[in-house]
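This briefing looks at the aromatic side chains of a single model, and at the charged groups that accompany some of the rings. Please keep the sequence and the coordinates open while reading.

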Amino acid sequence: MNRVRCAWGDSAPDYADYHDTEWGVPLHGRDALFERISLEAFQSGLSWITILRKRENFRRAFAGFVPDAIAAFDTTDVERLMADTGIVRNRAKVTATITNARAVLAMDTDLDDLLWSFAPGVKPARPKTMADVPAITPESTAMSKALKKRGFAFVGPTTCYALMQATGMVDDHVRTCWRATPENPA
């Protein structure tokens, strides 16, 4: 079937699958959301396709993104990760992932509840084109501040908005996209 997608979703087969099955689909669960926070942080300054293509390597290298396991990582683990050619080897991002795992464990609230509390209550108008999609919003800025206050790193407003898009907290599929949902019409 020939489906009309958001323009980026047709740029590579990996993107088409991700667009059609994951991007914008509501995601819940501490570990699943922690994985997305971590991968969005690794994506900072890079193309998402780079991270997407290395995602299985990241999962292997970072113990399935289970915060309890990552929080126990030490300098030996950091060096192991820095030598792993299957992931993005950026020391600041590697250490941020460990820091963020520890922050998750120290939280006084559930990560899922915290992140989803920033989903906009009123859905904005569906974007006509990708040029109409914001890079940050008041909600992503507030999420970033709340995470940083809890000790998270590499969680700026742009990264938080990308997380919100990826996990269905916002739905930025363009009007002509087959994934545009009826509850958020053109």
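Is Tyr18 buried or exposed, and what is its relative accessible area? In this predicted model, Tyr18 has a relative accessible area of 2%, and because buried means under 20%, Tyr18 counts as buried. The ring of this residue takes part in one of the 10 aromatic pairs that the model contains.

**A pair between distant parts of the chain**

- Trp8 and Tyr18 form a tilted aromatic pair, with 6.2 Å from centre to centre and an angle of 55° between the planes.
- Trp8 lies in the segment before helix α1 (13-21), whereas Tyr18 belongs to helix α1 itself, so that the pair links distant parts of the chain, 10 residues apart.

**A stacked pair and its cluster**

- Phe58 and Phe62 form a stacked aromatic pair, for which the centres are 6.4 Å apart and the planes differ by 20°; this angle falls in the stacked class because it is under 30 degrees.
- Phe58 is buried, with a relative accessible area of 0%, and Phe62 is likewise buried, with a value of 0%.
- One aromatic cluster is formed by Phe34, Phe42, Phe58, Phe62, Phe65 and Phe73.

**Charged groups over rings**

- Arg80 lies over the face of Phe73, at 5.3 Å from the ring centre, and Phe73 is itself one of the residues in the aromatic cluster.
- The charged end of Arg179 sits over the ring of Trp178, at 5.9 Å from the centre of that ring.

Methods: Residues are numbered from 1 along each chain as its sequence is written. This is a predicted model: local features need pLDDT of at least 70, side-chain atom pairs count only at pLDDT 80 or more; totals for chains, interfaces and linings use all residues. Side-chain values use heavy atoms; hydrogens and water are left out. Rings of Phe, Tyr and Trp (its six-membered ring) pair if their centres lie within 6.5 Å; planes under 30 degrees apart count as stacked, over 60 as edge-to-face and the rest as tilted. Helices (H or I, at least four residues) and strands (E, at least two) are DSSP runs, numbered from the N terminus. Buried means under 20% relative accessible area, exposed over 50%, partly exposed in between (1.4 Å probe, protein chains only). A charge sits over a ring if NZ of Lys or CZ of Arg is within 6 Å of the ring centre and within 35 degrees of the ring normal.
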